[in-house]
Amino acid sequence: MELVITLLVVLAQIAAVMGVVLGHVAYLTYLERKILGDMQDRLGPMEVGPHGLLQPLADGLKLFFKEDIIPTGANKIIFSAAPILSLVPALIGFAVVPFGRDSLVIGDIEITPYITDINVGVLYILAFSSLGAYGVLLGGWASNSKYSLLGGLRSAAQVISYELPLGLSLVGPILLSGSLSMVTMTEAQGGGFWHWYVITQPVAFGIYMICAIAETNRLPFDLPEAESELVAGFMTEYSGMRFSFFFLAEYANMILVSCIAVAVFLGGWQAPFSFLEFIPPIVWFLVKLYALLFFYIWLRATVPRLRFDQLMAFGWKVMLPLSLVNVLLTAVVKYFLNQM
């Protein structure tokens, strides 16, 4: 009986986290259109509901009922599976993100603010997030379109170039906290904002944010889509629900990499000062998360797209050496601090 109750609690946690994440994905598109509209001196969505608040629901219904087309000559099995392969890894990563501090205890049941806490949480996220690139690559190849294939190839090259420095940027916080667990890394940053790893690891934070933007194919690194060059890149031949899966995966990845940045570098649910700890921890987590998501949108409205050779050179000649030097310096400093 206890096993059944535990299983039901875990399923309820998964359903709650997925519901909140997908709700945020839907309204992040609305928020992006509104903010971009404001920055470009226009109104954005205004027609569906008050101030366009029901626009995400209208868009979802439109995509659900839209005709699903598979191009002639496409590999039907891979073409159909690629969007799912792109979306599922993006959602799985949220399982180890600690959204708050306090657990809810009801009788013998404890409901934690995270689905699970595993001692290799960072490796778990990196492993599954890398799988998402296969969805983009396979979708581009299976579409039987030159634009889609070029978009898929660009995505594969981009992910390989930036995955390495992204992983190395997390090594510094791992060395300082002595753990790969997201929960432990967040707890290690308690005691004020000067203990957050964005203060002690500013270079790693900068590398992580740049590589995270590249990994999620957002401007100025949106070369796999590049509307003006490749129509929509790997998504050119997709329509209906399959197109929406790619769309959901992109925005879910944006939220996931922002959640990791909050937990690893910005203190997670920790308040910046002790006298502000009366504010619920989940509120601090969300404030930091929304600030990073606004940064994503602001970049899209501000920065032009790089050329592909610039993207590759920046990844291999700047990001990778810089991340290696940061790991080396952090390890040396940590060693001498332990000897004192």
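This tour goes through two pockets, one loop residue and the nonpolar cores of the structure, suggesting at each stop what to select. Please keep in mind throughout that the model is predicted.

**First stop: the largest pocket**

Begin by selecting T29, L63, F243, F247 and Y251, which, among the 32 residues that line the largest pocket, lie nearest its centre. The space in this pocket comes to about 910 Å³. If you then colour the helices α1 (2-39), α2 (55-65) and α11 (240-265), you will see elements that each supply at least two residues of the lining. Of the elements, α11 gives the most to the lining of the largest pocket, namely eight residues. Colouring the lining by class should show 17 nonpolar residues, together with 11 charged and four polar ones.

**Second stop: the second largest pocket**

Next, select V17, V20, F99, P113 and I282, the residues nearest the centre of the second largest pocket, whose lining is made up of 23 residues. Two or more lining residues come from each of α1, α11 and α12 (281-302). The helix to follow here is α1, since the largest share of the lining of the second largest pocket, six residues, comes from α1. The space in the second largest pocket is about 410 Å³, and its lining has 17 nonpolar, four polar and two charged residues.

**Third stop: T112 in its loop**

Now select T112, which you will find in the loop between β2 (109-111) and α4 (121-142). Show the side chain of T112 and look for its polar atom that lies 2.6 Å from the backbone oxygen of Y114. If you then set aside the neighbours within four places in sequence, the residues in contact with T112 are Q13 and S103.

**Fourth stop: the nonpolar cores**

For the last stop, select F94, L170, M182, Y208, I255, C259 and F265, the residues that touch the most other members of the largest nonpolar core, which has 66 residues. The helix α11, with 14 residues, provides the largest share of this core. Which residues does M182 touch, not counting those up to four places away in sequence? Centre the view on M182 and you will find V96, P98, G121, V122 and I125, along with I260, A263 and V264. Apart from the largest core lies another core, of nine residues, and to find this one you can select A82, V136, A142 and M235, which are among its members.

Conventions. Residues numbered from 1 in each chain as written. Predicted model: local features only at pLDDT ≥ 70, side-chain atom pairs only at ≥ 80, totals over all residues. Heavy atoms only, no water. 1 Å grid on protein atoms, 1.4 Å probe; cavity = no way out; pocket = protein on both sides within 12 Å on 5 of 7 lines; lining within 4 Å. Points joined across faces, edges and corners; volume = space filled by probe spheres on them. Helix = DSSP H or I, 4+ residues; strand = E, 2+ residues; numbered from the N terminus. Nonpolar A, V, L, I, M, F, W, Y, C, P; charged D, E, K, R; others polar. Polar contact = N/O pair within 3.5 Å; in protein donor to acceptor, adjacent residues only side chain to side chain. Contact = heavy atoms within 4.5 Å. Core = buried A, V, L, I, M, F, W, Y, C linked by side-chain atoms within 4.5 Å. Buried < 20%, exposed > 50% of the residue type's maximum accessible area, 1.4 Å probe, protein only.
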